[in-house]
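I opened this notebook to record what I looked up in the structure, entry by entry. The entries begin with one helix pairing and then widen to the rest of the chain.

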Amino acid sequence: MTAQAKGSRRGPRRASTEEDILEAALQLLDEGGVKAASIRGIAARIGVAPNAVYTYFPDKAAVVKAIVEHLLGQVDHAVFADRDVAWRQRIELLALELRERLTIHPGAVGLMIGGPMDGPRALALNERLMEVLSSAGFCPADAARASYLLIVYVFGSMALEMAELGEARSAPPEAERIAARHAGFSQIPAKSYPLSAASADVMARYVSTEQYVWGLHRVLDGLTASLPQQAASAERSMVD
């Protein structure tokens, strides 16, 4: 064997890890959706045989669940910790963080709502959320219902936003998307649809951070109104 051939020989292949597999799966999700993130696709992305993926995950369903857990594990639970911060504000911080993380990985949104979120990190997130609601004055049953309502709002809003993107996996900046929608809504014939035509500016922002926060505030308003009077008054004093 020549010296050149010896010099070109590659070193030993680095063993794949669970982290490698999940990062590869996320990349494939963002690039081509759920179908792209197959076991074979993941294996090819990290340069191993499919059996190497099966070492960590028995099937694709297990990979999907692990991706959900991986993303939820990145959520900073410290936003729940400071009881000197009003409960509504803590929930808003969480909702905005979830939206930010899911916007980075739009392909993962469908996974979040595609099955039960019953992994350890999903349960931990739900537990913290119910703790915040319980500390605000909700009884255990209402805290659980309110937690589910908030999760539905967050992931439902994100699912609609991702649906608007369609096959495009890389979203233009929000301002550009709003401008494009406004150009379309401004053509609505006022004679046939007077209320819609007059609301073109608002409708152009249906899929935006502004609308997301507005809707979240309305949900929290409703929850606050359902609190016992004493707890609701204490919350208003903290906000003021």
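**Entry 1: the packing of α6 and α13**

I began with the residues through which two helices of this predicted model meet: Trp87, Arg88, Ile91, Glu92, Ala95, Leu96 and Arg99 in α6 touch Thr209, Tyr212, Val213, Leu216, His217, Leu220, Asp221, Leu223 and Thr224 in α13. I then looked up the geometry of this pairing, for two packed helices are described by the angle between their axes and the distance between the axes. For α6 and α13, the latter spanning residues 209-225, I noted an angle of about 145 degrees and axes 11 Å apart. The crossing of α6 past α13 is right-handed.

**Entry 2: charges over rings**

Where does the charged end of Arg99 sit? I found it over the ring of Tyr212, 5.2 Å from the ring centre; Arg99 and Tyr212 are also both named among the residues by which α6 and α13 meet. I noted a second arrangement of this kind at Arg218, which lies over the face of Trp214 at 4.9 Å from the ring centre.

**Entry 3: aromatic pairs**

My search for paired aromatic rings returned a count of two. One of them joins Trp87 and Phe138, whose ring centres are 5.8 Å apart and whose planes stand at 85 degrees; because an angle over 60 degrees counts as edge-to-face, I entered the pair under that heading. Trp87 belongs to helix α6 (residues 87-104), whereas Phe138 is in the loop between α8 (120-136) and α9 (140-165), so the pair ties together parts that are 51 residues apart in sequence.

Are the two partners buried or exposed? Trp87 has a relative accessible area of 3% and is buried, and Phe138, at 8% relative accessibility, counts as buried too. I also noted that Trp87 is listed among the α6 residues that meet α13.

**Entry 4: the loop between α8 and α9, and Ser147**

I stayed with the loop between α8 and α9, where Gly137 also lies. Gly137 is partly exposed, with a relative accessible area of 31%, and its C-alpha atom is separated by 9.9 Å from that of Ser226, a residue 89 places away along the chain.

Moving on into helix α9, I looked up Ser147, which counts as buried at 0% relative accessibility. Leaving aside residues up to four places away in sequence, I found that Ser147 touches Asn126, Leu129, Met130 and Leu133.

**Entry 5: Gly114**

I next turned to the loop between α7 (109-113) and α8, in which Gly114 is found. How is Gly114 to be classed, as buried or exposed? With a relative accessible area of 66%, Gly114 is exposed. Its C-alpha atom and that of Lys65, 49 residues apart along the chain, are separated by 9.9 Å.

**Entry 6: the whole chain**

I closed with the totals for the protein. I recorded 14 helices and zero strands, so that from the N terminus on every entry in the order of elements reads α. The protein has 240 residues, of which 37% count as buried. Its accessible surface comes to about 13800 Å², with 56% of that belonging to carbon and sulfur atoms. Finally, when I took the contacts between residues at least 6 apart in sequence, I noted that 68% of them join residues at least 24 apart.

How values were computed: Residues are numbered from 1 along each chain as its sequence is written. This is a predicted model: local features need pLDDT of at least 70, side-chain atom pairs count only at pLDDT 80 or more; totals for chains, interfaces and linings use all residues. Side-chain values use heavy atoms; hydrogens and water are left out. Helices (H or I, at least four residues) and strands (E, at least two) are DSSP runs, numbered from the N terminus. Buried means under 20% relative accessible area, exposed over 50%, partly exposed in between (1.4 Å probe, protein chains only). Contact means heavy atoms within 4.5 Å. Accessible areas come from the Shrake-Rupley method with a 1.4 Å probe; for residues, only the protein chains shown count as cover. Rings of Phe, Tyr and Trp (its six-membered ring) pair if their centres lie within 6.5 Å; planes under 30 degrees apart count as stacked, over 60 as edge-to-face and the rest as tilted. A charge sits over a ring if NZ of Lys or CZ of Arg is within 6 Å of the ring centre and within 35 degrees of the ring normal. Axes are lines fitted to C-alpha atoms, for helices over the stretch in contact, and angles run from 0 to 180 degrees between N-to-C directions. A crossing is left-handed if the near helix is turned anticlockwise from the far one by less than a right angle, and right-handed if clockwise.
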